[in-house]
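Please open the structure in a viewer and keep the sequence panel beside it. The tour below proceeds one selection at a time.

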Amino acid sequence: MQPRNMSMSGVVDLAAVKAAQEAKTKAEQARAEAARQGGTGAVSPADLVIDVDEAGFEQEILQRSAEVPVVIDFWAEWCQPCKQLSPVLERLAVEYNGRFLLAKIDVDANPMLMQQFGIQGVPAVFAVVAGQALPLFQGAAPEQQIRQTLDQLVQVAEQRFGLTGLTVDPDAEPGGAAPAAVTEGPYDALLNAAAQALDAGDLAGAVQAYKNVLADDPAHPEAKLGLAQAELLQRVQGMDPQKVRQEAAEKPKDSAAQIAAADLDLVGGHVEDAFGRLIETVQRTAGDDRDAVRLRLLELFEVVGQEDPRVVGARRALARALF
């Protein structure tokens, strides 16, 4: 396992976007499976704080992070600040009532995990959301700062990843609820092939694999997202960024130039710039040119995610520009 850092408010990480959609799908499937089995999937408050070692990391943290954001408290017995921080995190885990799961890792007993996360000292607090690791803070931070960080984490987990947390039942037996098993879907082989093609740089192969899924299920969310990503990467492949940006600056009413620059903006993580550029171009153009810009903007919305606040705001701005 090699954790990756993921900013909660920075660039668009296409792999993270894909993980977001996968997490939403898995969370929905898990909830549906629990309902089908006649259970609520509720956990006891005692289950909100767990001790995790290297052997249990995959199941207890990575797999659970597709269901609920997992906050990791890296601590050590000899660490005095840890003794101040850990009780605060444990109390907040119960207070937040299932919005996140707290996993405690003893770094002396689990040096491999400490090394993989690049931890230089303890206490150190990370989160894992949909398999994506991100640092939260290091040291015994004030409770107000911890709350602000947790609030942001919970908000991002819900808005971007569809993770609404765990259902907590004070009367549930500790350890009584396990994550619902998620069965393989009918298109998993094709989706896996598409993901492997993306990893190998075979963008044409990935595009075709996603189109094969959509030919049978036009509304399949993961295939729609994957296709939008793969086609975006195809479009920017081989571009000369300096030339594209110069042409866009010289030709503000040229729809093709602005569309190409917006693609580069998005791949570079400049989401608002990409959206703003195309909305302004919609205002400056008409007819087929305007429609081409509008359609590209809708495609970029798919890449970022329809529930992302930046997409919601850009949709409103596009509506104002059109009408």
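In which loop is the place of Pro123? Select Pro123 to begin: its place is in the loop between α4 (111-116) and β4 (124-129). The model is a predicted one. Display the backbone from Val122 to Pro123, where the peptide bond is cis, with omega near 0°.

**The whole chain**

Zoom out to the full protein, which has 13 helices and 5 strands. Colouring by accessibility is useful here, since of the 323 residues 48% count as buried. With contacts shown between residues at least 6 apart in sequence, 72% of them join residues at least 24 apart.

**Ser65**

Next, select Ser65, in the loop between α2 (57-63) and β2 (70-75). Is Ser65 buried or exposed? Ser65 has a relative accessible area of 0% and is therefore buried. Show the side chain of Ser65 together with the backbone of Leu62: the backbone oxygen of Leu62 lies 2.7 Å from a polar atom of that side chain. Then expand the selection to the surroundings of Ser65. Residues up to four places away in sequence not being counted, Ser65 touches Val70, Val128, Val129, Ala130, Gly131 and Leu163.

**The disulfide**

Select Cys79 and Cys82, which form a disulfide with their sulfur atoms 2.4 Å apart. A search of the whole structure finds 1 disulfide. Rotate the view to look along the S-S bond: the torsion about this bond of Cys79 and Cys82 is about 85°, so the disulfide is right-handed. Both cysteines, Cys79 and Cys82, are buried.

**Asn97**

Move on to Asn97, whose place is in the loop between α3 (80-95) and β3 (101-106). Inspect the backbone torsions of Asn97: phi is near 55°, a positive value in a residue other than glycine. Asn97 counts as partly exposed because its relative accessibility is 44%, a value that lies between the limits of 20% for buried and 50% for exposed.

**Helix α8 and its partners**

Select helix α8 (residues 221-236) and helix α12 (residues 287-304), which pack at an angle of about 120° with their axes 8 Å apart. In this pair, α8 passes α12 in a left-handed crossing. Which residues of α8 meet α12? On the α8 side they are Lys224, Leu225, Ala228, Gln229, Leu232 and Arg235. From α12 come Arg296, Glu299, Leu300, Glu302 and Val303. The residues of this contact of α8 with α12 divide into 5 nonpolar, 1 polar and 5 charged.

Keep α8 selected and add helix α10 (residues 255-267). The helices α8 and α10 pack at an angle of about 115°, and their axes are 10 Å apart. Here too the crossing in which α8 passes α10 is left-handed. Leu232, Arg235 and Val236 of α8 make the contact with Asp263, Leu264, Leu266 and Val267 of α10. By class, the contact of α8 with α10 has 5 nonpolar, no polar and 2 charged residues.

**Ala248**

The last stop is Ala248, found in helix α9 (residues 241-250). Ala248 is buried, with a relative accessible area of 4%. Draw a C-alpha to C-alpha distance from Ala248 to Ala260: these residues are 12 apart in sequence and 8.2 Å apart in space. Finally, show the contacts of Ala248. Neighbours within four places in sequence left aside, Ala248 is in contact with Ala257, Gln258, Ala261 and Arg277.

Methods: Residues are numbered from 1 along each chain as its sequence is written. This is a predicted model: local features need pLDDT of at least 70, side-chain atom pairs count only at pLDDT 80 or more; totals for chains, interfaces and linings use all residues. Side-chain values use heavy atoms; hydrogens and water are left out. Axes are lines fitted to C-alpha atoms, for helices over the stretch in contact, and angles run from 0 to 180 degrees between N-to-C directions. Helices (H or I, at least four residues) and strands (E, at least two) are DSSP runs, numbered from the N terminus. A crossing is left-handed if the near helix is turned anticlockwise from the far one by less than a right angle, and right-handed if clockwise. Contact means heavy atoms within 4.5 Å. Ala, Val, Leu, Ile, Met, Phe, Trp, Tyr, Cys and Pro count as nonpolar, Asp, Glu, Lys and Arg as charged, and the others, Gly among them, as polar. Buried means under 20% relative accessible area, exposed over 50%, partly exposed in between (1.4 Å probe, protein chains only). A polar contact is a pair of N or O atoms within 3.5 Å; within protein, one must be able to donate a hydrogen and the other to accept it, and residues adjacent in sequence count only if both atoms are side-chain atoms. A disulfide is a pair of cysteine sulfur atoms within 2.5 Å.
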